[in-house]
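Reader: I'd like a close look at a single part of this one. Could you walk me through it?

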Amino acid sequence: MKTLKIYMLSLALLSAGGCKDFLDVEPITSVTETNYYKTPQDAYKALVGCYDGLQTVWGEGMSFPVASEIMSDNCFGGGGASDSYNYQMVDEFDKLRSPSDQNNFGPNWIAYYKAIYRANVLISKMDQIEWGADAALRSIYESEVRFLRAYLYFDMVRLFGNIPLLVSPSAENLSQSAPDEVYKVIASDLKFAADNLPAIAYNAQPVANHGRVTKYAAAALLARVFLYYTGYYAKPDLVGLVSKAEALAYLENIISTGGYSLVSNFANLWPSSLTAYEGEDNKETVFAIKYTYTSDYDGNTDGNHWMVMFGMREQFVFPYGNGWGFGTVNPKLYNAYTASDSRRAPSIIAVAAENVGFTNQSKQREYSGFYVEKYSPLVDEAGNSVSVNKGAVNFMIGQFQDYVSIRYSDVLLMAAELGSANAQTYFDDVRKRAYQEAFTPLPVTQDNLMKERRLEFAFEGIRYWDLLRRGVNVAAQEIAENTTLLSAGQSAPKVISASKIVETGGLQQIPYTQITLSDGVLKQNPGW
């Protein structure tokens, strides 16, 4: 039996036949990899498992949404005054800030590859399933699972740049692939999904299907991948598989046939608007990772485990719930909004301006006076956690707000950036909602688009990658910081060096444990 390296930890355990050559006995259960995957029902259950894989990749470790904001110029590391400095290490791209924290993304690395393994198994079994009268389901299920695999790999290749690429179930100790090879799989998977899923308008879907991949989600993610890859790597197309014109055509099809539209009031996109909340899966949601309040400590990772990181440090003030105070908001972002921009208030908790009454500065590191509101835990007027009220085990793992990964406004702004004939209209539509009666038109330029994207998508895990795709040097200059913040109630310098971001190429540290347990097959990224 092949040695199972820990960067593939538990992959064989997901396959009942993984140790057959070690101990040849009859399985104690009736379901094995060899006798499963026979019917469309089997395929559907496996597909649900693949969605579950995506849902759990941020259950432990350092989540992609939080890390993306901390790496950007939107947020600082934050956290508790007595915590380790691992979030500062990520924020400042400097391993010397917390030398003992060499596995920040260790649990995530393992969870990503577990999820990818599930996807690879299902894809590899498509031919052995007896589809019969349900033949049309094959392309639908395959499209969905290939989207999920692409989504997972896109996270990883952006974070780490150099990762092992698996496109079939395997426990091999693989070396890292060139990023282009990973992007070829991502592009191929997303093209397959966008071209093979049925063109069902979002609003025409059954409610039970909300959260499942659609043709339009695949097309939108493909455009996002195109913009990032061609920007970061300075290439004219997406690994020869998708041209700029093709990426735009996918977006224009979403706009013309997808049934999406902008919610009239930006604030109502977010649960903190309380009774005015438009709700999950509203007409602006193109793709979201679904969460519920049913997480427990017995293996059910159904909740949003990362949102608590953004909560105010150990203090609640209705409607904002308590949390761990990571990702304190850079005042420069708050000041980038004009007073007439309706996105500022529902995006950022401004402690002084809102008279929030936060008094726990002694426990907070890198206090700036601003917290994330879009993904803040919530409490009722009596101070009880809304998630616990619904039956969650506790507020830490029971948050149930979905992560809205792609919104329709992003589709409009990406289409404008790619040169749509309707670019000005799309750009204006997004800005008109933001400024309402105070709207004044701006020309569609790269600088104007990037400024608007920052304000529109603050704390949605997009800003850092928008910066990076303009070039590492540009990103480094935007993110570089030299200021003073309060840590444990005392003024302390905060320095983010542009040279560190350039040195690392904007990539993060590959978990040290994975390099060790690969017997040196995996190589660490420069700067780490």
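Is Asn304 buried or exposed, going by its relative accessibility?

Author: Quick caveats first: this is a predicted model, where local features need pLDDT of at least 70, side-chain atom pairs count only at pLDDT 80 or more, and totals for chains, interfaces and linings use all residues. Numbering runs from 1 along each chain as its sequence is written, and side-chain values use heavy atoms, with hydrogens and water left out.

Now, Asn304 is buried, because its relative accessibility is 0% (buried means under 20% relative accessible area, exposed over 50%, partly exposed in between, with a 1.4 Å probe and protein chains only). You'll find Asn304 in the loop that links strand E1 (285-289) to strand E2 (312-313); strands (E, at least two residues) and helices (H or I, at least four) are DSSP runs, numbered from the N terminus.

As for company, skip the neighbours within four places in sequence and Asn304 is in contact with Tyr291, Thr292, Met396, Ile397, Gln399, Phe400 and Gln401, where contact means heavy atoms within 4.5 Å. There's a polar contact too: the Asn304 side chain reaches the backbone nitrogen of Trp306 at 3.2 Å. That term covers a pair of N or O atoms within 3.5 Å; within protein, one must be able to donate a hydrogen and the other to accept it, and residues adjacent in sequence count only if both atoms are side-chain atoms.

For a sense of distance, take Glu181: it sits 123 residues from Asn304 along the chain, and their C-alpha atoms are separated by 32 Å.

Another buried loop residue is Gln508, with a relative accessible area of 1%. Gln508 lies between helix H17 (498-504) and helix H18 (512-517).
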